[in-house]
There are 2 protein chains.
Amino acid sequence: MDEIPTRSRTRIQQEKRELILEAALDVFSTKGFRGSTVDQIAEAAGMSKPNLLYYFRSKDDIHTTLLQRLLDMWLAPLRELDDVGDPITELRGYIRRKIEMARDYPRESRLFANEMLQGAPHMMPFLQGEMKALVEEKVVVIRGWIESGKIAPVDPHHLIFAIWATTQHYADFDVQVRAVLGADRSGENRFEDAARFLENLFVRGLATHNK
Amino acid sequence: MDEIPTRSRTRIQQEKRELILEAALDVFSTKGFRGSTVDQIAEAAGMSKPNLLYYFRSKDDIHTTLLQRLLDMWLAPLRELDDVGDPITELRGYIRRKIEMARDYPRESRLFANEMLQGAPHMMPFLQGEMKALVEEKVVVIRGWIESGKIAPVDPHHLIFAIWATTQHYADFDVQVRAVLGADRSGENRFEDAARFLENLFVRGLATHNK
DNA sequence: CTAACGATTGTCCAATCGGTCAAAATTTGC
DNA sequence: GCAAATTTTGACCGATTGGACAATCGTTAG
């Protein structure tokens, strides 16, 4: 077969492809693309290498498919940042959504981080296109909040970077966070603590009124 | 030869080893360990592969040496965080030192990030040992500042994480930052803007007094 | 039952990569 | 200037890896 239209895929094909992508996400996110072997992915998916290559034309095909899927979900939290609500509430919600993503989808975060570290060879068009456009849109919103005196005057771009950095840190640098917090403090409540700290930090850092 | 004591190395050996480490840092930091080949490093260092392997026993040896050197410089900025000065000034200085490191040593930052993404297979002892110890020491300092009412009551661990995340972000996610800022705003002043924003954010976020 | 189609695997191959080695080229010590 | 030591290289090797392929197994429709 050459290229199966998604429409005409067997139920088994759909399921197996899902299974493979799931396994590949595990492997790619921690070992990187070049550090992963098709055999490792196949074993993680519980099938033989030739069988895996029956569902995906190549290792690269799997990787590309994963990145493609990542695009959609990656911008979702920022998309929800809305002009209508109270700025502080909106930003607080954005931080919370991002922290939840770091907690619930750490592998996707690491996959993205790997791609960025390598200079975004596959995602550059996405960064310069869809992502930049969305950021620009939200920058306008934030700038509006500043001009109406609802939040402190800060650089909107760097505000967004700071939220990205602090939240994704808990997925990408999970080992470091765990190691530094120690065995006892490394329970799953570290995301709760992080959320509390970050909301606090940003709310205080952006407030225009005194407490 | 088996293992040359550092003491008895020729001048040429010292220089060539430096040259190789410099080239390897370039390659490893963007392509990761598995994604890099000895040939690439050798070419970047302007020598043949066997010649490179005359100065380092193995690819792994180069990598380990780079990570080893990284340890020293990585904790330096935090070490300087001192108990004596004004808390806000101290923290502001720490942020500035970290941003300068991201600007001046982005390859080292990415090398570290790669190691973390893969679960710190080589640096785990360092994380749990030296790094955790230093953090714990500084946590005590920060806690002291909080108890004496000099900064707002926040979780010291997560404060440190936030400073790490926001500053290193400009090295590790440089491509993304550039892409989102656009060609015009991506001049080298982005580090200045970032520093200004971050100092502002943290100072406001930690202040106990009203402005 | 059986023919057709989809799924699975064992085997193999070419390319890449880390590393070796002996020989050649160069530098150094005297 | 020359011998010893150091540096550099071309050729080579074994192991790994991505992928191809033909053969086999399983399933399903008639």
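**Contacts with DNA strand D and between chains A and B**

A polar side-chain atom of K49(A) is placed 2.9 Å from a base nitrogen of DNA strand D, in a model that is predicted. Two further polar approaches involve the phosphates of this strand: a backbone N or O atom of S36(A) lies 3.1 Å from a phosphate oxygen of DNA strand D, and on the other chain a polar side-chain atom of Q13(B) lies 2.9 Å from a phosphate oxygen of DNA strand D. The elements that contribute two or more residues to the surface near DNA strand D are α3 (49-55) of chain A and, from chain B, α1 (11-35) and α3 (49-55).

In total, 18 residues surround DNA strand D, and the closest of them are V38(A) and K59(A) from chain A together with Q13(B), Y54(B) and Y55(B) from chain B. By residue class, the surface near DNA strand D consists of seven nonpolar, seven polar and four charged residues. On the side of the nucleic acid, 59% of the atoms of DNA strand D within 4 Å of the protein belong to sugar or phosphate, while the rest belong to bases.

The two protein chains also meet each other, in a contact that takes 59 residues from chain A and 60 residues from chain B. The size of an interface is often expressed as the accessible area that is lost when the parts come together. For chain A and chain B the buried area is about 5200 Å², of which 65% is on carbon and sulfur atoms. Within the area that chain A buries against chain B, L117(A), H158(A) and V180(A) supply 14%, more than any other three residues.

Polar and charged pairs are also present across this interface. Eight residue pairs, with both residues at pLDDT 80 or more, are found in polar contact between chain A and chain B, and the count of salt bridges between the two chains is two. One of these salt bridges joins D155(A) to R185(B), with the closest N and O atoms 3.4 Å apart.

The side of chain A that touches chain B draws at least two residues from each of α1 (11-31), α6 (106-117), α7 (124-147), α8 (156-172), α9 (174-185) and α10 (190-206) of chain A. Among these helices, α8(A) gives the largest share of that side, with twelve residues. The residues of the side of chain A that touches chain B comprise 30 nonpolar, 17 polar and twelve charged.

Key:
Residues are numbered from 1 along each chain as its sequence is written. Chains are lettered from A and ligands numbered from 1 in the order in which they are written. This is a predicted model: local features need pLDDT of at least 70, side-chain atom pairs count only at pLDDT 80 or more; totals for chains, interfaces and linings use all residues. Side-chain values use heavy atoms; hydrogens and water are left out. Contact means heavy atoms within 4.5 Å. Buried area is the accessible area (1.4 Å probe) that two parts lose on being put together, summed over both. A salt bridge is a side-chain nitrogen of Lys or Arg within 4 Å of a carboxyl oxygen of Asp or Glu. A polar contact is a pair of N or O atoms within 3.5 Å; within protein, one must be able to donate a hydrogen and the other to accept it, and residues adjacent in sequence count only if both atoms are side-chain atoms. Helices (H or I, at least four residues) and strands (E, at least two) are DSSP runs, numbered from the N terminus. Ala, Val, Leu, Ile, Met, Phe, Trp, Tyr, Cys and Pro count as nonpolar, Asp, Glu, Lys and Arg as charged, and the others, Gly among them, as polar. A residue is near a molecule or strand if one of its heavy atoms lies within 4 Å of it.
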